[in-house]
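Colleague: I'm new to this structure and would love a close look at one part of it, with its surroundings filled in afterwards. Could you walk me through the sheet, strand by strand where that helps?

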Amino acid sequence: MNTPQLVVHRDKELMAQAAAARLITKIVDAQASRGSASVVLTGGRNGNGLLAALATAPARDAVDWTRLDLWWGDERFLPEGDPERNVTQAREALLDAVPLDPKRVHAMPASDGPHGSDVDAAAAAYAEELALAAGPENHGPVPTFDVLMLGVGPDTHVASLFPELPAVRETERTVVGVHGAPKPPPTRVSLTLPAIRAAREVWLLAAGEDKAEAAQIALSGAGEIQAPAAGAQGRQRTLWLLDAAAASRLPRALYPPASP
Ligand SMILES: O=C1O[C@H](COP(=O)(O)O)[C@@H](O)[C@H](O)[C@H]1O
């Protein structure tokens with residue numbers, strides 16, 4: 001377990017731009033030291049804001065997009081191309097504009113895919129895809145992601161791990177089907193906390209007043225079953241990227257001054 005580090009930005013636009021710049025640097029460094037990079041994307045407003053900022057970032061072309069593996073932390077179990085799917089939104093925000101290798105874009109299955117409406121089979125298939133991508137050096141059933149990003153929900157959910165639901169209690173499987181999520185759609189696919197904790201770095205994104213209470217709860221010693229964001233930690237680093245509104249209920253001693 002490592003202590004979360006916090007970076008607070010003036011507003012959500014600056015937060016998205018700074019996080020995009022940070023991600024570019026991480027990817028470039030990982031490609032330089034290991035040949036390729038692996039990043040886990042999140043859905044939601046803050047995750048898509050970051051991708052949109054990355055699309056217009058001047059340093060975007062510093063990334064070798066063909067040597068990047070993209071995975072997802074969760075997906076809304078809907079038909080391919082549905083505008084509410086996280087992958088559809090990510091494609092619109094960034095992915096369609098950069099030269100990715102399609103074989104390295106690991107979208108989670110759709111509800112009209114090979115597993116039909118069986119979300120548990122879809123989750124098991126994604127777990128298998130992750131296991132196949134994990135080399136012996138990863139010492140486990142998922143690759144050691146360079147960066148795994150998570151949008152924090154107002155109820156402290158991350159990925160599709162909602163407070164008190166069975167998915168957040170999972171300790172064995174890396175990917176699970178989620179039934180009865182309180183946020184629509186109710187059926188989802190999600191990485192579990194053990195899979196999330198395999199990442200080198202976990203970045204939690206929270207911008208806006210509606211995230212202030214969630215940040216306060218998750219960063220004040222809450223348990224991960226009640227506050228899933230509290231259980232999201234990276235092997236080497238856990239970084240909370242917030243705007244001033246989302247940080248407004250945090251003790252001032254937790255973070256340095258916001259960027260001007
Ligand atoms: O439904 C989801 O919500 C969360 C948070 O989204 P936000 O719009 O409140 O920022 C997101 O992290 C997750 O990936 C997504 O499926």
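**A close look at the sheet**

Modeller: Happy to! Let's start with one residue: setting aside neighbours within four places in sequence, Ser 38 is in contact with Leu 68, Asp 69, Trp 71, Thr 144, Phe 145, Asp 146 and Val 147. Please keep in mind that this is a predicted model. Ser 38 sits in strand S2, and its relative accessible area is 9%, which is under the 20% limit, so Ser 38 counts as buried. Ser 38 also has a C-alpha 10.0 Å from that of Lys 26, a residue 12 places away in sequence.

Now step back to the sheet as a whole. It is an open sheet of 6 strands in the order S1-S9-S8-S5-S2-S3, and the pairing is parallel. At the edges are strand S1 (5-9) and strand S3 (68-72), each of which pairs on one side only. From one strand to the next, the twist averages 20°. The contacts of Ser 38 fit this picture: Leu 68, Asp 69 and Trp 71 are among them, and those positions fall within S3, residues 68-72. Val 147 is another of the contacts, and strand S5 covers residues 147-151.

Strand S8 deserves a longer stop. S8 spans residues 201-206, and 6 bridges join S8 to strand S9 (residues 237-243), with the two running parallel. Two of the facing positions are easy to find: Leu 205 stands opposite Leu 241 in S9, and Val 202 stands opposite Thr 238 in S9. The route between these strands leads from S8 through helix H7 (residues 212-218) to S9, and this β-α-β crossover is right-handed. S5 and S8 also pair in the parallel sense, here over 5 bridges. Val 147 has Glu 201 in S8 as its bridge partner.

How enclosed is S8? 6 of its 6 residues are buried, so S8 is largely enclosed by the rest of the structure. Both faces are covered: on one side Glu 201, Trp 203 and Leu 205 are buried, and on the other side Val 202, Leu 204 and Ala 206 are buried too.

Next, a helix that meets the sheet. Helix H1 lies across S1, strand S2 (37-41), S3, S5, S8 and S9, and runs at about 155° to S9. Val 28 is a residue of H1. With a relative accessibility of 28%, Val 28 falls between the 20% and 50% limits, so Val 28 counts as partly exposed. Beyond its neighbours within four places in sequence, Val 28 is in contact with Ala 62 and Val 63. Between Val 28 and Arg 67, 39 residues apart in sequence, the C-alpha distance is 9.9 Å.

The helix also leads us to the core. In soluble globular proteins, nonpolar side chains tend to be buried together. The largest nonpolar core here has 89 residues, and Trp 72, Leu 191, Trp 240 and Leu 242 touch the most other members. Helix H1 (residues 12-34) gives the most to this core, with 8 residues. Leu 191 shows what such a position looks like: leaving out residues up to four places away in sequence, Leu 191 touches Val 40, Trp 72, Gly 73, Met 108, Tyr 126, Leu 130, Phe 145, Leu 148, Leu 161, Thr 174, Val 175 and Ile 196.

A few loop positions are worth finding as well. Pro 185 is in the loop between strand S6 (175-178) and strand S7 (188-191), and the peptide bond from Pro 184 to Pro 185 is cis, with omega near -5°. The loop between S5 and helix H5 (166-169) holds Thr 156, and Glu 164 lies in the loop between S5 and H5 as well. Thr 156 has a positive phi of about 75° although it is not a glycine; Glu 164, also not a glycine, has a positive phi of about 70°. Thr 156 is buried, with a relative accessible area of 2%, whereas Glu 164 is partly exposed at 41%.

Finally, a note from the records: an unreviewed UniProt entry annotates residues 11-240 as "domain: Glucosamine/galactosamine-6-phosphate isomerase". In the model, the end C-alpha atoms of that span lie 14 Å apart, and the span is 32% helix and 16% strand.

Terms used:
Residues are numbered from 1 along each chain as its sequence is written. This is a predicted model: local features need pLDDT of at least 70, side-chain atom pairs count only at pLDDT 80 or more; totals for chains, interfaces and linings use all residues. Side-chain values use heavy atoms; hydrogens and water are left out. A nonpolar core is a set of buried Ala, Val, Leu, Ile, Met, Phe, Trp, Tyr and Cys residues joined through side-chain atoms within 4.5 Å. Buried means under 20% relative accessible area, exposed over 50%, partly exposed in between (1.4 Å probe, protein chains only). Helices (H or I, at least four residues) and strands (E, at least two) are DSSP runs, numbered from the N terminus. Contact means heavy atoms within 4.5 Å. Two strands pair if DSSP finds at least two bridges between them. Axes are lines fitted to C-alpha atoms, for helices over the stretch in contact, and angles run from 0 to 180 degrees between N-to-C directions. UniProt positions are given in the numbering used here, feature names are shortened, and annotations may be inferred rather than shown by experiment. A crossover is right-handed if, with the strands pointing away from the viewer, the path from the first strand over the helix to the second runs clockwise.
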